[in-house]
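Work through the following exercises with the sequence and the structure at hand. Each task is followed by a solution in steps.

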Amino acid sequence: MSSPLRLALVQMNIEAGNTESNYAKMRAKLEDAASLEPKPDIVVLPEMWNTGYALTEIRELADPNASRTKAILSEFCRAHEIVVIAGSIAELRGDSVTNTLYIFDRTGAEVAEYSKIHLFQLMNEHLHLKAGDTPGAFDLEGVPAAAMICYDIRFPELARKLALSGAKILFVPAEWPHPRLHHWRTLLQARAIENQMFVVSCNTVGESGGSNFFGHSMVIDPWGEVVAEAEEIEMILVTEINLDLVDEVRGRIPVFADRRPNIYE
């Protein structure tokens with residue numbers, strides 16, 4: 001049996017447009033997570049934590065080539081020997097801004113990145129951000145893992161593609177607002193059940209940019225059971241999971257072996 005993974009999900013309020021405050025809070029929250037006993041193996045941050053949804057000024061606020069973000073998080077991971085799923089940030093790449101997630105290992109090395117593929121037109125993301133075009137599969141210390149960002153979870157075909165690539169754990173940073181808590185919980189549980197994998201979702205909380213975010217960050221197991229769920233306050237949600245459960249569930253209900261993709265296509 002593999003060792004349990006200890007997770008710490010940083011559910012925080014983000015000040016839309018106030019990058020200095022957001023960076024300061026992120027650093028303080030990371031230190032709080034690192035001081036937990038026992039120390040977490042993985043810390044997860046929410047979506048667009050550096051800028052929030054200040055989309056009309058996002059080009060001026062975004063981190064050029066993620067340079068500031070990478071320096072801070074690499075140093076933190078190296079100093080504390082913790083993996084960070086660095087939520088996502090607004091990143092300036094040339095003339096475009098992307099909504100990009102980074103992963104850093106215990107040595108501080110950047111091991112993967114993923115830019116949000118599906119842009120949420122109801123919030124005009126498509127007018128201000130450039131969509132990614134590569135699924136977020138990556139290796140997490142020898143474990144096949146994956147990432148999606150917020151609105152992505154409404155697209156089951158993307159989650160299935162990641163599961164078929166072998167992913168056992170799916171990380172979902174988000175800024176998911178009221179009044180769609182029922183959608184949030186249902187979609188996350190559905191992605192876990194249908195793909196028989198852990199889903200680790202980190203949402204924001206509080207008012208930001210004219211929207212109200214409800215928190216409820218959660219960890220869901222491959223049966224669709226909620227292992228841990230945050231409240232509607234700033235907090236660090238801590239829990240442990242054992243990835244052996246993925247193989248057990250996939251063995252008991254062989255969904256992937258029973259697929260008939262020739263019919264679906």
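## Exercise 1: A strand and its partners

Strand β5 (residues 89-93) and strand β6 (residues 96-104) form an antiparallel pair with 5 bridges. The model is a predicted one.

Task: Find which residue of β6 stands opposite L92, and describe what else surrounds β5.

Solution.

Step 1. Go along β6 to V97, which stands opposite L92.

Step 2. Look at the turn of the hairpin. There are 2 residues between β5 and β6, and G94 has a positive phi near 65°.

Step 3. Turn to strand β3 (residues 63-64). β3 pairs with β5 through 2 bridges, in the parallel sense. D63 has E91 of β5 as its bridge partner.

Step 4. Check how far β5 is covered. Of its 5 residues, 4 are buried, so the strand is mostly covered.

## Exercise 2: Two residues in one loop

Task: N65 and A66 both have a positive phi. State where each one lies, and decide for each whether it is buried, partly exposed or exposed.

Solution.

Step 1. Recall the general background. Most residues other than glycine have a negative phi, and most peptide bonds are trans.

Step 2. Read the phi values. N65 is at about 55°, and A66 is near 60°. Neither N65 nor A66 is a glycine.

Step 3. Locate the residues. N65 is in the loop between β3 and α3 (67-80), and A66 is in the loop between β3 and α3 as well.

Step 4. Apply the cut-offs: buried means under 20% relative accessible area, and exposed means over 50%. N65 has 47% relative accessibility and therefore counts as partly exposed. A66 has 0% and therefore counts as buried.

## Exercise 3: Cis peptide bonds

Task: For the bonds from E37 to P38 and from H178 to P179, give omega and the place of the proline.

Solution.

Step 1. Take E37 and P38. The peptide bond joining them is cis, with omega about -5°. P38 belongs to the loop between α1 (19-34) and β2 (42-44).

Step 2. Take H178 and P179. Their peptide bond is cis, with omega near 10°. P179 sits in the loop between β10 and α6.

## Exercise 4: Crossing helices

Task: Describe how helix α5 (residues 156-164) and helix α6 (residues 181-195) are placed against each other.

Solution.

Step 1. Choose the quantities. Two packed helices are described by the angle between their axes and the distance between the axes.

Step 2. Read them off. The axes of α5 and α6 come within 10 Å, with a crossing angle of roughly 40°. This angle makes α5 oblique to α6, since angles under 35 degrees would count as roughly parallel.

Step 3. Add the handedness: the crossing of α5 past α6 is right-handed.

Step 4. List the residues that meet. From α5 these are P156, A159, R160 and A163; from α6 they are R191, E194 and N195. Sorted by class, the contact has 3 nonpolar, 1 polar and 3 charged residues.

## Exercise 5: A sheet and one of its residues

Task: Give the strand order of the open sheet that holds β10, then describe the surroundings of L170.

Solution.

Step 1. Write down the order. The sheet has 6 strands, β8-β9-β10-β11-β14-β15, with mixed pairing. β8 (136-140) and β15 (226-229) are its edge strands, each pairing on one side only. On average, neighbouring strands are turned by 20° against each other, direction ignored.

Step 2. Examine one pair. Strand β14 (residues 218-220) runs antiparallel to β15, and 3 bridges join them. V226 in β15 is the bridge partner of I220.

Step 3. Place the helix. α6 packs on the sheet and touches β10, β11 (198-202), β14 and β15; its direction makes about 30° with that of β14.

Step 4. Find L170 in strand β10 (residues 169-173). Its relative accessible area is 0%, so L170 is buried.

Step 5. List its contacts, leaving aside neighbours within four places in sequence. L170 touches A146, A147, M148, L162, M197, F198, V199 and V200.

Step 6. Compare sequence and space. L170 and V219 are 49 residues apart in sequence, while their C-alpha atoms are 9.9 Å apart.

Terms used
Residues numbered from 1 in each chain as written. Predicted model: local features only at pLDDT ≥ 70, side-chain atom pairs only at ≥ 80, totals over all residues. Heavy atoms only, no water. Axes fitted to C-alpha atoms, helices over the stretch in contact; angles between N-to-C directions. Parallel < 35°, antiparallel > 145°, perpendicular 65-115°, else oblique. Left-handed = near helix turned anticlockwise from the far one by under 90°. Contact = heavy atoms within 4.5 Å. Nonpolar A, V, L, I, M, F, W, Y, C, P; charged D, E, K, R; others polar. Buried < 20%, exposed > 50% of the residue type's maximum accessible area, 1.4 Å probe, protein only. Pairing = 2+ DSSP bridges.
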